[in-house]
Amino acid sequence: MLETLLPSELLALIGKYGILILILLYGIFCIIILLQIRGIAKLITFNANPLSGIILAAFTIHLLLVSMLFLLGIAIL
Amino acid sequence: MPDVFTEKSSVFQKEAITSHDSPQRISIMNKKPHKVGLFTTFAPLPEGVTFETKEPEEQVLLLVRKHFITNVTWVLITLFLFLFSFFLFPFLRSDTFSEVLFIPDTYLIILSFFYYLILAGYVLQQFATWFYQIGLITNERIVDVDFHTLMSRNVAYTDIVDVVDVEIIQKGFLHNAFNYGTVQMQTEGMKANFEFIDIPDPHTVADVISDLMRHHRKGGSHA
């Protein structure tokens, strides 16, 4: 249906850029969440074992993976 | 006659002293210090747990989190979304979808990775929300940390002396089967009521708060 309105090249571009924009938005959301968790970790401290550190590390790795995926998307554009 | 008054006053004095022997009266103080792990939901005398506004002489007596069973909802949602992906990606590659919006194969791979990353992010976010939503009872006050999402938090403090009533709410099969429920604390005046939602062993928590209230009313400054 859309193909009758838009040429196939344009549809392919929408598909590509759409995914990249989604990844970018999600990356920004992840950064906000990471900063929020850092704030919470300062509020309550678990000295006995670095529990907040585990959660922060997990979020940081997650953010790194999202960034890598975004860069990969740009690279193959 | 003066002897009678002397005798009476000494009895009162004796009572006052026994009411201050807090470590024996506040039952939680007799328990061993508890190490807090990633999945701990109930920790009497938690080791190394502090918070921003904690006073040097203040001692954390109890740390509570929501019962682990309350995580079942998001665990099931995650499982469903994971299984759903096995149907979603073949559909996105099918001719039916390609007619509507064509996504090249390389981008479909990126999209699938992105989908699983979002899923992992959802799990992390839900876990962190559960992990940081805690209630702390110290010998001086009650601290309630609430998260609706990770974006909005609400930290409330109240002195034990301001608590006038403690109520336990256990409704339904799950609450009784897994022994968890909500402990509501009514505070004096215009202050908002405090509640520890879906915490394990609510009777023990209410007992600790009642002990502390009794202790503070009898004049004990700290346990």
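Visitor: Which strand of chain B does S1(A) pair with, and in which sense, parallel or antiparallel?
Guide: Keep in mind that this is a predicted model. S1(A) covers residues 44–46 of chain A, and Thr45(A) in that stretch stands opposite Thr50(B). Three residues, 49–51, form the partner strand in chain B, and the pairing runs over 3 bridges. So what you're looking for is S2(B), paired in the antiparallel sense.

Visitor: How many helices and strands does chain A have, and what pattern do they follow?
Guide: Chain A is made of 77 residues, and 35% of them count as buried. Along the sequence you meet 3 helices and 1 strand. Read in order, the pattern is α-α-β-α.

Visitor: What share of the contacts in chain A with a separation of 6 or more comes from residues 24 or more positions apart?
Guide: Leave aside the pairs with a separation under 6, and look at how far apart the others sit along the chain. Residues 24 or more positions apart account for 64%.

Visitor: How much area do chain A and chain B bury between them?
Guide: On the contact side, 43 residues of chain A meet 42 residues of chain B. Of the area buried between the two chains, 76% is on carbon and sulfur atoms. The total is about 3,700 Å².

Visitor: Which residues in chain A lose the most area to chain B?
Guide: Three residues are the ones to look for, and together they make up 17% of what the chain A side buries. They are Ile19(A), Leu43(A) and Phe46(A).

Visitor: Which element gives the largest share of the side of chain A that touches chain B?
Guide: Four elements give two or more residues to that side: H1 (2–5), H2 (8–43), S1 (44–46) and H3 (51–75) of chain A. The largest share is 20 residues, and the element behind it is H2(A).

Visitor: How many nonpolar residues are on that side of chain A, and how many salt bridges are there to chain B?
Guide: By class, the side of chain A that touches chain B includes 9 polar and 3 charged residues. Between the two chains, 3 residue pairs are in polar contact. The nonpolar residues number 31, and the salt bridge count is 0.

Visitor: Is Ile134(B) buried or exposed?
Guide: You'll find Ile134(B) in strand S4 of chain B, residues 134–138. Leaving out residues up to four places away in sequence, Ile134(B) touches Ile44(A) from the other chain, plus Leu63(B), Val64(B), Arg65(B), Val143(B), Asp144(B) and Val145(B). Its relative accessible area is 3%, and because the cut-off is under 20%, Ile134(B) is buried.

Visitor: What separates the C-alpha atoms of Ile134(B) and Phe42(B)?
Guide: Along the chain, these two residues are 92 residues apart. In space, their C-alpha atoms are separated by 9.9 Å.

Visitor: Where does Asn179(B) lie, and what is its phi?
Guide: Asn179(B) lies in the loop between helix H6 (172–177) and strand S8 (180–187) of chain B. With 34% relative accessibility, Asn179(B) counts as partly exposed. Although this residue is not a glycine, its phi is positive, at about 50°.

Visitor: Is Asp201(B) buried, exposed or partly exposed?
Guide: Look in the loop between strand S9 (194–200) and helix H7 (202–217) of chain B. Asp201(B) has a positive phi near 50°, and this residue is something other than glycine. The relative accessible area is 27%, so Asp201(B) is partly exposed.

Terms used
Residues are numbered from 1 along each chain as its sequence is written. Chains are lettered from A and ligands numbered from 1 in the order in which they are written. This is a predicted model: local features need pLDDT of at least 70, side-chain atom pairs count only at pLDDT 80 or more; totals for chains, interfaces and linings use all residues. Side-chain values use heavy atoms; hydrogens and water are left out. Contact means heavy atoms within 4.5 Å. Buried area is the accessible area (1.4 Å probe) that two parts lose on being put together, summed over both. A salt bridge is a side-chain nitrogen of Lys or Arg within 4 Å of a carboxyl oxygen of Asp or Glu. A polar contact is a pair of N or O atoms within 3.5 Å; within protein, one must be able to donate a hydrogen and the other to accept it, and residues adjacent in sequence count only if both atoms are side-chain atoms. Ala, Val, Leu, Ile, Met, Phe, Trp, Tyr, Cys and Pro count as nonpolar, Asp, Glu, Lys and Arg as charged, and the others, Gly among them, as polar. Two strands pair if DSSP finds at least two bridges between them. Buried means under 20% relative accessible area, exposed over 50%, partly exposed in between (1.4 Å probe, protein chains only).
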